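Where does this protein leave open space, and what sits around the ligand? Here is a short report on its pockets, with the sequence and structure to follow along.

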Amino acid sequence: MAFDVFADRLLAVLPEPLRAPAAQRLAASGPVLHRLLTGLYGGRCGAAGFDAWFGGLMADLGRLHAQRSPALHALDAERAANPDWFLDQRMLGYCTYVQKFGGDLAGVARRIPYLQELGVTYLHLLPFLRPRAGENDGGFAVTSFDEVDPALGSNADLEALTAQLRGAGVSLCSDLILNHVADDHAWALAAKAGDAAARARFHVFPDRELPDRHERTLGQVFPQVAPGNFTYVDAVQGWVWTTFYPYQWDLNWSNPDVFAEMAAVMLRLANRGIEAFRLDSTAFLWKREGTNSMNQPEAHQLLQALRAIVDIVAPGVLLKAEAIVPTRELPAYLGSAEAPECHIAYHSSLMAAGWVALAEQDTEVLRAVVRNTPPLPRAATWLSYVRCHDDIGWNVLRAEAGEDSAARLSSASRFFAGVTPGSYARGAIFQSTDPNAAHGSNGMAASLTGLQTASTDEARALALRRMLLLHGVALSFGALPVLYMGDELAMLNDESYLARPEHAMDSRWLHRPVFDEARWAHRHDAGTTEGAMYEGLAQLIRVRRAHDALAAGAPRTLLADAPAGLLALMRGERLLTVFNFSDAPQQLALDGAWRDCAAIEQRADATGVQGVLTIAPYAMHWLVRA
Ligand code: GLC
């Protein structure tokens, strides 16, 4: 059937003023959506057939578009006219749990002035929708996508918060957990009660035959606390695919109902004012026997289809891929000019490689990641970060860490666990019993960089430099940098999780502390470590804001001949950033063009540029020339 007929299904439900702009966006993205969904679901729509299903989807999209508020329609129009809006170097993210930062949503709203003071324009609140009763992976096991967690507030509080944030120039990002739902989500309950349609929204196997075949090539996300990828569930008399914890049931995205329902979930949340979605675990959406069921072409087609939907009915909304995958797999999550996918993708290799560089005092792996990072497609960006609520996953660096990668990465993980003699770090190895295999490392940045073990002013100063060094890379790389709550105040590990039986086995809780009011009160006192961190970071943020060459899309060149302890990157033609990852001073020869350069950011012991730049241990220099 020609696409026009379907376009009419969407347009017919819109009030007159919305029709012309929607028709324009449909003309651009509708045929792409139709092509993608025909490919994915053409033969899977049962007796009624694909056309009926697709027509129904279009009418639903139209209704959800019509339900957007005038303020959101205005935002849509503004951003559709300026699709590069989020690439600006004034964009800065902040990520936190609601309960740890503000107690509840209203408490988060009370911290907006603080976010503004920091220069935050993008706030990622970790899951705040109604989670599974009992253990729920920090909210990543969702029971209802249409209800705020009652412990954190109400839907009205969420709408109030999104409006207040928008007024303050901050976009709210919410997780959208696409890969799974909680085992007490309505669909799981219906499947347990024997509803065949609900069962078909999951991957359920009557016996071990297929699970065993899949297991041969699947990896493990939580090999210790949740080994295997399937869980036997009595009530469904079968093995349910559970990539993560046993209570997180993977959705079957080859079922068109799952697609239509999840697209509607996304748009209902967008209509509450959510401006960005962190699409959780995107790599896992499509399963294929004989593979690790990650990064499958269909997973990309699904994301491209969700993107086309956003482009048509909520173009103010950003999609962010959480795909913790090797660097070579990452660019696909941003898509291409013909088939855009997510607007933003976590650059977890860059993050992990920064930590390896600290452990090794050598930037070889980090440089390899930089070399493997292609230029950005239009209107898209990486997300750079130092820490987040998850572990530092080492395995994404297998390619860049070379032949000996397993030993090398496991050595980094021992370093950050503080077991390597002489290590300044205090973290925890995550999910690995085998001392020769690396999985992940946990800990707050301050503890991993030596602040927890520092007993002298000198050791504290070095820890501070290391923290700022990693943040300097994240802020200047050319990405949307996202700060992790607590790092701006040099907060340390929180061991209290060990006393909570439901969390004790998951050391990611080590770096999920409660916002520290006392440190916050000292943030402008550079005589305290927290104040020195906060002011140092604030200075980097100010410098970044002032230079377009630090915007996400501005070109980046690696200076290959810098000594091994240094990372030296040109941004554009005139801005140079140099980072010393080693505990010895390093020198970088600069040609005459730099004779009259200005230091725009200069941490510690600058000796000026007289042909040779000397960079103190763990210091960085950002220079601009005429
Ligand atoms: C993502 C989240 C992580 C969670 C997992 C399962 O990777 O970041 O915290 O455990 O998804 O939902």
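The second largest pocket of this predicted model has a volume of about 600 Å³. It is lined by 25 residues, and if you would like to centre your view on it, pick P83, R307, D311, P340 and R378, which lie nearest its centre. Three helices each supply at least two residues of this lining: α2 (16-41), α4 (70-81) and α13 (297-313). Of the elements, α2 gives the most, with 4 residues. By class, the lining of the second largest pocket has 15 nonpolar, 5 polar and 5 charged residues.

Now for the largest pocket. About 1,000 Å³ of space lies in it, and 45 residues form its lining. Nearest the centre of the largest pocket you will find Q220, V221, F284, M294 and I324. The elements that give two or more residues to this lining are the strand β11 (276-280) and the helix α14 (348-360). Sorted by class, the lining of the largest pocket holds 20 nonpolar, 15 polar and 10 charged residues.

Which space does the ligand take? The ligand occupies the largest pocket. There are 13 residues around the ligand, and D137, H180, R278, D280 and D390 come nearest. The shell around the ligand divides into 3 nonpolar, 4 polar and 6 charged residues.

Three side chains can be listed together for their polar atoms facing oxygen atoms of the ligand:

| Residue | Distance from a polar side-chain atom to an oxygen atom of the ligand |
|---|---|
| H180 | 2.9 Å |
| S281 | 3.2 Å |
| H389 | 2.9 Å |

How much of the ligand's area does the protein bury? Taken alone, the ligand exposes 310 Å², and the protein buries 95% of that.

H180 is worth a second look in the viewer: this residue is among those that come nearest to the ligand, and one of its polar side-chain atoms lies 2.9 Å from a ligand oxygen.

To tie the views together, you might start at the ligand, which takes the space of the largest pocket, and then step out to Q220, V221, F284, M294 and I324 around the centre of that pocket. From there, move over to the second largest pocket, where R307 and D311 are among the residues nearest the centre and where α2 (16-41) is one of the contributing helices.

Methods. Residues are numbered from 1 along each chain as its sequence is written. This is a predicted model: local features need pLDDT of at least 70, side-chain atom pairs count only at pLDDT 80 or more; totals for chains, interfaces and linings use all residues. Side-chain values use heavy atoms; hydrogens and water are left out. On a 1 Å grid over the protein atoms alone, a cavity is a set of points where a 1.4 Å probe fits but cannot get out, and a pocket is an open set with protein on both sides within 12 Å along at least five of seven lines; lining residues have an atom within 4 Å of a point. Grid points are joined across faces, edges and corners, and a volume is the space filled by probe spheres set on the points. Ala, Val, Leu, Ile, Met, Phe, Trp, Tyr, Cys and Pro count as nonpolar, Asp, Glu, Lys and Arg as charged, and the others, Gly among them, as polar. A residue is near a molecule or strand if one of its heavy atoms lies within 4 Å of it. A polar contact is a pair of N or O atoms within 3.5 Å; within protein, one must be able to donate a hydrogen and the other to accept it, and residues adjacent in sequence count only if both atoms are side-chain atoms. Accessible areas come from the Shrake-Rupley method with a 1.4 Å probe; for residues, only the protein chains shown count as cover. A molecule sits in a cavity or pocket if more than half of its atoms lie within 2 Å of its grid points.
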